[in-house]
Amino acid sequence: MNKVNLETKRLEAHYSKEKDWLKWGPYLSERQWGTVREDYSVNGDAWNYLPHDHSRSRTYRWGEDGIAGLSDRYCNICFSVALWNGKDPILKERLFGLTGPEGNHGEDVKELYYYLENTPTHSYMKHLYKYPQNEFPYEHLVSENKKRGKHETEYELLDTGIFEKNEYFDVYTEYAKNEEEDILVKISIANRGPKKAEISLLPTLLIRNYWSFLGMNEKPIIKKEDSNEVSSVSINHEYVGKYNLYFEKPSKFLFTENETNVERIFNGENEHPYKKDLFHKAVIDNDFELAEKKTEGTKFSPLYQLEIEAGSTKTIKLRLSKEKIDAPLDEKFEAVFSQRTKESQSFLESVTENSTDEQREIQRQAFAGLLWTKQYYNYEVEQWLKGDPDTSPPKERLHGRNSGWTTFRNHDILSMPDAWEYPWFAAWDSAFHCVTFSMVDHEFAKKQLLLFTKEWYMAANGQIPAYEWNFSDVNPPVQAWAAIQIYQMEQRKTGKGDLDFLKRMFNKLALNFTWWVNREDSLNKNVFEGGFLGLDNIGVFDRSNGIPGGGVLEQVDGTSWMALYCLNMLEMAIEISLDDPAFEDMCIKYFGHFCFIAEALNKISVDSSGSWDEKDGFFYDTLILPNSERIPIKVRSISGLLSLAAVLNIRKERLDKLPRFKSSMEWYRKYRLENSKYQIIEEYRTDKDVLLSLVPRERLNVLINSILDETEFLSDYGIRSLSKAHENPYTVQIDGSSYSINYESAESRTDLFGGNSNWRGPIWMPMNYIFISTFKEYHNYFEDDLKYAYPSGSDNYLNLKEIAFEISKRLIAIFKEDAEGNRPVNALDHEKYTDKYFKELILFYEYFDGNNGRGVGASHQTGWTALVANLIEEINR
């Protein structure tokens, strides 16, 4: 049970609707440019339609962005931090990175920033941005990365040497809520360099531009207020009302409009000079005449021109409040910050009570990243396709990307995989995010998962949208798995599970399950395709676009995901049926479907139509050509291992309470015995639990031994996505063409899916978490009757619970300091991360090098990589 503290009470007050503590949060996107939502091009070229170079001058249609930003839940009023070091060619208003085509491994942010702290109600938040004092190497980063090939690492900001002499600023942005709509802000800038340095700070208040696209009854306004006591502006907005921003006296007051500079972007004529990029021109050119002349607008910054001594820090205080406050920045200001930081620590300790100090620090930053990447996301496909009243998008778009999803419309706060690299939801990523969210905020986790089942997300046929680049692509169906995890986590912590949530998920997922059965089993054999399935380049060819030879690919992972889906739905049905017997029929339905899938996957017959290769001891995808020729694709990857995950131990005492289901299960077993059909329940006794497993025991033993083999899947830092045996490439000939795959421990060497993700060797936290949960489930049934050499070939025999514990420790070790004081995640930058201003900072990457644990891919994917926080809690339980 969690200790009750003030942050917990705020959560309770919010969800009971006594207060609205979540009206304001870190919802401002880190990247709005280069997204599908802002793309109105003919050919769907989102990266080039609105690139980074346009972002400072061009108004966004579907959101806003900024550094260390804050907004209300509908992104009407936005606050962020802008900076200038006196040398850069542009004002630093947003994070810079490479587009997909520019990077040798796809899109990639080229900045150093860290999420340090955040509470579930965002009552306290802390962000760190490291800003070089010398000119930011924009062009150099682009040109150097363009020179590099797929076999080389990405060229990062640290590689440029710009931080070598510590000539940079640490910019800390902190928020503390005094009340729901009274938000205190501190921006502290520390000079880490050896000499005095100048910096311009522009805390920026921005009104999202609706008036240019949809029209408004009254254009919002930010207006300078006269006061002898403290500087302030007022905000008047017809959607959210009136607010006040208080701040210390600045060097200058700058006003402009959040409107496109038509002259710069489209070579047109501006109606007036007050455009979105005016502050850029004013600061860079040191010409403030226009920006200072205006005393109202829709974009405002108090400009602080600071000179900071070496080793010193300067702090600027601001306060955004619904109410008028007489002394907004007095001594009570610091008292609120002090109180909120203490409450944040108290809350962290309450959810990590068994963690060591080192483990807790990893969890703190994992939770912080997860909470900081809650972002406002607005995308209404029908409106986007046809355009706004004064726009005429190309007609080709009506038949282009996402044109079949006109019922999709949202206006929500969503958990992003990575707020810069992936500033959009991905259906299966979000499910994993929710499992970690449940450690700190059960209600948000449940509401987030339910969102994807809403009528304005889910298609009428039951399909769940995948991600904005292609809603029709297919992500693994892990929503039911996540729902069970969240239900059980809340049950353990509070003593009671939320059956209403479980029922709501179950009812809508039944539609999605039916879509899968109807859409992805084209041969009606209970063997599933699926294509992409989230595992980008794991196949020898692109599984989503044109199977070679015009055939059908029967995917082990597609079939395994569906078997797991069956068992997840069965487990949900059992739990609900114990309270509501009307659901017992659904137990029978999903049990029966699981039987059919298990038989299809394991089938060994004269025509060798099963997926299991007895000689190799592995499940392989099978390509079926139009002439019925079957070609096994002999790749030893987690696709073949995923069959292990479809396992459920049904407790005897629960089964006894469901007599119709128990009777049906016994009938199924008897019928299959009498008709020599594949047996699902190998060991059945009326006095014992029942184990349902997609994999029979003898195959289970073979597959687990492969997982635990350090020459194949087991790394010092977790389970690899592809066997190291493929250091010798695997090649297959199909329809006169050659296709191959080889073990690549880190970055991808192919262009499949943009080349920024790699499933051909690296370690992925979500899949490791599923395998660890799988081992625990098998152990619940077998206990010490099932032990394996760990690692394979050793004389160290452990049960599966102990093995799950050991693999968890390997994964956690990625983020821990080793004997030399280095964290494996920083393998390419150990020297810099021993610096006192870097040493405690942790990044949670998208995936990790299968050889040395180095972080690879998106550098802030605290979404599913935050699962390390769950692993720490579980090994200490």
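This is a short tour of one helix, one sheet and two nonpolar cores in a predicted model.

Begin by selecting residues 6-15, which make up helix α1, and colour E7, T8, R10, L11, A13 and H14, the buried residues of this helix. If you then show α8 (331-351) and α11 (427-440) as well, you will see the two helices against which the buried residues of α1 pack. Move next to the start of α1 and display N5 together with E7, where a side-chain oxygen of N5 reaches to within 3.2 Å of the backbone nitrogen of E7. Just after α1, select K17, whose phi is positive, at about 70°.

Now turn to the sheet by selecting β20, β23 and β24, three strands that form an open sheet in that order with antiparallel pairing. Because β20 (552-554) and β24 (630-633) are the edge strands and each has a single partner, one side of each is left without a neighbour in the sheet. Zoom in on β23 (residues 621-624), which is joined to the antiparallel β24 by 4 bridges, and find I624, which stands opposite R630 in β24.

Finally, select L570 and F661, which touch the most other members of the largest nonpolar core, a group of 265 residues. Helix α15 (residues 556-577) supplies the largest share of this core, with 14 residues. Around L570, leaving aside residues up to four places away in sequence, show C587, Y590, F591, L648, I650, F661 and L692, which L570 touches. To end the tour, select I631, I633, V635 and V732, which are among the 15 residues of a second, separate core.

Conventions: Residues numbered from 1 in each chain as written. Predicted model: local features only at pLDDT ≥ 70, side-chain atom pairs only at ≥ 80, totals over all residues. Heavy atoms only, no water. Buried < 20%, exposed > 50% of the residue type's maximum accessible area, 1.4 Å probe, protein only. Contact = heavy atoms within 4.5 Å. Polar contact = N/O pair within 3.5 Å; in protein donor to acceptor, adjacent residues only side chain to side chain. Pairing = 2+ DSSP bridges. Core = buried A, V, L, I, M, F, W, Y, C linked by side-chain atoms within 4.5 Å.
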